[in-house]
Amino acid sequence: MSFDSRAFRNALGCFPTGIAVMTAEGPQSHIGITVNSFTSVSLDPPLVLWCIHKGSSRYKAFAEAPGFTVSILGSGHKAVSSRLAGAGEHSLDGIDLIPTELGPPALADSLAIFECARESVQVAGDHAILLGRVLRFAQHDGAGAPLVYFRGKYGALAQGEPPQGLPGRRQTDGE
Ligand SMILES: Cc1cc2nc3c(=O)[nH]c(=O)nc-3n(C[C@H](O)[C@H](O)[C@H](O)COP(=O)(O)O)c2cc1C
């Protein structure tokens with residue numbers, strides 16, 4: 001069976017997600033990374049997860065950090081999201097931050113913030129799953145719009161029409 005990684009990635013991009021910035025204690029100062037793999041796991045105990053590529057220059061710092069802070073980005077965060085998605089670009093210098101109780105700062109104007117202790121790091125293929133226990137959280141009071149990622153592009157929430165005319169062929173069917 002052939003498996004086209006590019007096509008696989010494109011197909012995964014059809015799942016719309018929000019965007020989060022993870023912050024943690026780095027070797028010299030706090031660092032950040034843009035991710036869309038954030039998801040909730042458990043309410044009791046309160047657990048969340050995200051995935052980091054093992055080849056990331058930030059992998060070691062995040063995998064070894066005692067915890068991380070999750071900032072859920074709003075529609076005004078596009079520039080900072082792009083910056084912290086840049087290769088090797090992990091410094092928080094010049095980014096508008098707010099302090100947290102437990103350590104790593106959060107991005108100002110986030111829709112929600114979760115302060116997490118590292119629960120486990122599970123290697124899964126070319127990524128690792130970072131499971132965090134939520135110790136504190138906060139939610140923005142206003143009706144802020146989220147930053148959305150879909151088909152490799154930033155977007156916004158919209159009431160679109162349901163997809164139509166999708167042929168039944170799978171990428172793994174071969175020609
Ligand atoms: C919208 C978006 C979502 C991303 N999600 C993830 C993710 O969930 N996990 C991950 O490891 N990298 C993710 N990345 C890539 C990282 O932000 C970063 O570009 C990558 O780690 C390469 O830089 P580095 O090697 O310096 O870490 C995402 C990038 C973008 C633009």
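**A first look at the predicted model**

Colleague: How do the residues of the shell around the ligand divide into nonpolar, polar and charged?
Modeller: Keep in mind that we're looking at a predicted model here. Charge is rare in this shell, with one charged residue. The remainder is split between two classes, so here's the full division, which follows from counting Gly among the polar residues: nine nonpolar, seven polar and one charged.

Colleague: Of the residues around the ligand, which come nearest?
Modeller: The shell around the ligand has 17 residues to pick from. Five of them can be singled out as coming nearest. They are V35, S37, S56, S57 and A85.

Colleague: Which element gives the most to the shell around the ligand?
Modeller: Two elements give two or more residues to that shell, β3 (30-35) and β5 (47-53). Between those two, the top contribution is four residues. That comes from β5.

Colleague: Zooming out, how many helices and strands are there in the protein?
Modeller: The protein has 175 residues, and buried ones make up 27% of them. Among contacts between residues at least 6 apart in sequence, 67% join residues at least 24 apart. As for the elements, the count is three helices and twelve strands.

Colleague: In the open sheet of seven strands, which strands stand at the edges?
Modeller: The order runs β3-β2-β6-β9-β10-β5-β4, with antiparallel pairing. Neighbouring strands of this sheet are turned by 35° against each other on average, ignoring direction. A strand at the edge has a single partner, so one of its sides is left without a neighbour in the sheet. Here, those strands are β3 and β4 (39-42).

Colleague: In β10, what is the bridge partner of C116?
Modeller: Strands β9 and β10 (residues 127-139) run antiparallel and are joined by twelve bridges. One of the residues bridged to β10 is C116. Its partner there is V134.

Colleague: There's also an open sheet of three strands; which of its strands has two partners rather than a single one?
Modeller: The order is β1-β11-β12, paired antiparallel. β1 (17-18) and β12 (153-155) stand at the edges with a single partner strand each, so one side of each has no neighbour in the sheet. In the order, the strand between them is β11.

Colleague: And in β12, what is the bridge partner of Y149?
Modeller: Strand β11 (residues 148-150) pairs with β12 in the antiparallel sense, over three bridges. Y149 takes part in this bridging. Over in β12, its partner is Y154.

Colleague: Which strand supplies the largest share of the largest nonpolar core?
Modeller: That core has 32 residues, and A20, V21, M22, A24, F62, F68 and V70 have the most contacts inside it. Several elements supply at least two residues each, including β2 (20-25), α2 (59-64) and β6 (67-72). The largest share is four residues, and it comes from β2.

Colleague: Leaving aside neighbours within four places in sequence, which residues is F62 in contact with?
Modeller: F62 is among the residues with the most contacts inside the core. With its sequence neighbours set aside, five contacts are left. They are M22, A24, I52, F68 and L130.

Colleague: Is Q122 buried or exposed?
Modeller: Q122 is in strand β9 (residues 112-124), and beyond its neighbours within four places in sequence it is in contact with A128 and I129. To be exposed, a residue needs 12 or fewer other C-beta atoms within 10 Å. Q122 has 12, so it counts as exposed.

Methods
Residues are numbered from 1 along each chain as its sequence is written. This is a predicted model: local features need pLDDT of at least 70, side-chain atom pairs count only at pLDDT 80 or more; totals for chains, interfaces and linings use all residues. A residue is buried if 20 or more other C-beta atoms lie within 10 Å of its own, exposed if 12 or fewer, and partly exposed in between; C-beta atoms are placed from the backbone. Two residues are in contact if their C-beta atoms, placed from the backbone, lie within 7 Å. A residue is near a molecule or strand if its C-beta atom, placed from the backbone, lies within 6 Å of it. Two strands pair if DSSP finds at least two bridges between them. Axes are lines fitted to C-alpha atoms, for helices over the stretch in contact, and angles run from 0 to 180 degrees between N-to-C directions. A nonpolar core is a set of buried Ala, Val, Leu, Ile, Met, Phe, Trp, Tyr and Cys residues joined through C-beta atoms within 7 Å.
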